[in-house]
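Let's take a walk through a protein model together. Keep the 3D view open and turn it as you read.

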Amino acid sequence: MTANRKNGTNRKMPKIHNGLTRRALIERLAVIGGVGAAYSALSALGLMGHGALASGDTTEALPAGSLEGKRIIVIGAGVAGLCSALRLARAGAEVEILEATGHYGGRSLTLRNGDSYSEWNWNKPTTMTFEQVADMPPDHPDNFLNAGPGRIPQHHGRVIDYCGMLGVELQPYIYNSSANLLQNDAWNGGDPVPLRRLTQDVHGQLAELMAKVSNKGALDDLVNPTDREALLGLLTHFGQLSGDGAALFYAGASLKTDYIRAGYRIEPGDAVTPGVPWSTLSMDDILASDFWHSEMFYDLEYFWQTTLMEPIDGMDMIVKGFLRAEVPGGRTVKDLIVLNQPVRAIDVDGDKTTVMTADGARPPANFIIATLAPSLMAGLGGNFIDAVVRQTLASVIMNPACKVGWQGRSRFWENENRIYGGISWTKDIINQMWYPSHSFNSPTGVLTGAYIHDENAAPFAAMSRTERLEAALAGGEKLHPGFRDKVFAENGVTIAWANMPYQAGGWAMDTAYTQPDVFTALSDADRVANNVFMAGDWFSHWPGWQEGSLDSAHLATDYIARRAMGRG
């Protein structure tokens with residue numbers, strides 16, 4: 001967990017000289033030479049934009065007073081909008097946040113008992129309902145479903161640092177447990193196998209193969225002969241090989257001189273219970289599983305490597321931290337938000353910009369930060385973008401991600417499978433099942449019973465709510481027999497982000513890599529218009545992550561500070 005650091009008061013500020021902090025130096029420069037001098041000093045010290053990120057000052061404020069007399073409208077009360085508003089207001093701007101829905105936080109949606117939401121085509125909303133289980137009431141803090149973002153990688157320093165500044169406590173998020181299950185209808189009779197069984201047998205089979213190749217001299221041109229013994233030693237430890245020298249082989253379940261890394265069908269126990277190992281999977285078995293494409297190795301990806309984290313009591317604790325953050329005038333960021341104000345158009349006239357909502361025109365602003373999804377921004381009326389930029393925004397491909405949530409009648413995944421956190425994978429349409437990383441041995445817990453993206457998401461989103469839940473129950477049955485009776489099936493919830501009001505999907509499809517020309521055009525644009533700026537996770541190299549939202553918010557607000565001080 002992180003310590004609570006309200007408004008950054010516990011942050012140690014590096015000294016410049018004679019006990020003068022950087023912040024004090026900047027404030028004195030602002031008095032002597034104005035905000036322009038202050039900005040120049042900030043830039044020189046690496047405290048603006050990407051320089052700030054590199055230096056570790058990931059939550060650094062804009063120069064005090066640099067936006068006095070400026071009115072700025074932020075469109076959207078998601079993470080990017082809230083962060084933007086906090087920085088702007090603390091720099092002296094008059095800030096108004098226009099949120100299209102009645103919900104704070106955008107896609108950072110955490111559902112608790114009694115919460116409701118609705119997709120565009122629903123006649124009535126879905127209400128999240130939890131049941132009392134043993135002594136655990138429905139409104140217990142552990143009863144929540146993160147319907148949007150669910151984890152924070154350790155290298156997303158800006159998110160983690162804002163959690164510290166805003167007093168949001170963190171706990172470990174277990175992404176990968178070796179007890180998690182892998183299931184494919186076309187393999188192993190459809191029965192799931194523990195992740196450790198596949199991965200450890202992969203290690204063993206590959207190590208044996210490499211040892212044989214080395215012993216036949218096939219690697220002599222690649223490995224220094226003097227290192228051959230070291231290589232065989234490495235392979236022996238990596239794959240738990242038996243034998244010696246040319247006779248190295250992977251014994252797997254028949255290994256009698258050590259514990260079996262691939263695990264046991266019946267665990268060893270007392271003096272008369274030696275345990276029954278899983279049978280060893282051959283290389284043909286492993287290849288036939290079809291999990292080597294991705295699922296077995298997802299934890300090798302940079303953003304899934306340990307340690308991952310999550311806020312205690314739900315991801316929206318970050319949103320709540322921003323909402324209660326203090327800004328000048330005895331207010332909080334929440335006081336700056338006007339709900340249920342979908343924007344219809346943005347018109348630019350010189351240095352003034354007018355935003356039209358369903359209720360009419362808002363008072364003119366000096367600057368706008370628009371955090372809408374790119375396709376939604378492209379659909380706005382007004383003269384703030386030309387046809388080329390509009391088409392570029394409209395062409396960004398969004399991932400129509402979906403989730404399903406269940407409350408367990410017990411923590412059966414722990415009691416029956418000894419699964420404590422992590423994700424099970426299936427070739428079924430539900431794709432993934434997430435297990436809670438906290439409150440082990442509690443009477444109940446909340447499962448993410450499906451996490452669907454890419455090609456399966458659109459068909460799943462097109463189903464009715466009842467059809468989605470039935471599909472998720474069938475997929476859960478393949479991982480955990482009797483699944484329907486192990487969860488409160490009647491209380492299941494499902495969400496398709498492509499169908500949510502004023503959303504266009506879960507995230508942009510890694511635009512920097514899948515649509516490099518589009519991403520280059522967007523990043524080169526910097527501003528949509530002379531005083532309208534883009535922000536949102538899609539406008540970053542971290543689409544779908546809160547880090548991208550915060551990075552983009554800092555970029556947009558840095559641009560505005562430069563403009564206001566005559567530097568951009």
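How many of the 19 residues of H17 are buried? Keep in mind that this is a predicted model. Find helix H17, which covers residues 546-564. The count is 18 of the 19 residues, so H17 is largely enclosed by the rest of the structure. Here, buried means under 20% relative accessible area.

You can also check the helix's length. At 1.5 Å a residue, the 19 residues of H17 should span 27 Å, and the end C-alpha atoms are indeed 27 Å apart, so the two values agree. After H17 comes Gly-566, and its phi is positive, near 70 degrees.

Now let's move to a sheet. Strands in a sheet pair through backbone hydrogen bonds, and they can do so parallel or antiparallel. In this open sheet there are three strands, in the order E19-E20-E21, with antiparallel pairing. Strand E19 (343-349) and strand E21 (360-361) are the edge strands, each pairing on one side only. Look at how E20, residues 352-357, meets E21: two bridges join them, and the strands run antiparallel. To see this up close, pick out Met-356, which stands opposite Ala-361 in E21.

Last stop: the cysteines. A disulfide is a covalent bond between the sulfur atoms of two cysteines. How many disulfides does a search of the whole structure find? The result is zero. Two cysteines are still worth a look. Cys-163 has 2% relative accessibility, so it counts as buried. Cys-402 is buried too, because its relative accessible area is 0%.

Terms used. Residues are numbered from 1 along each chain as its sequence is written. This is a predicted model: local features need pLDDT of at least 70, side-chain atom pairs count only at pLDDT 80 or more; totals for chains, interfaces and linings use all residues. Side-chain values use heavy atoms; hydrogens and water are left out. Two strands pair if DSSP finds at least two bridges between them. Helices (H or I, at least four residues) and strands (E, at least two) are DSSP runs, numbered from the N terminus. A disulfide is a pair of cysteine sulfur atoms within 2.5 Å. Buried means under 20% relative accessible area, exposed over 50%, partly exposed in between (1.4 Å probe, protein chains only). The expected span of a helix is 1.5 Å times one less than its number of residues.
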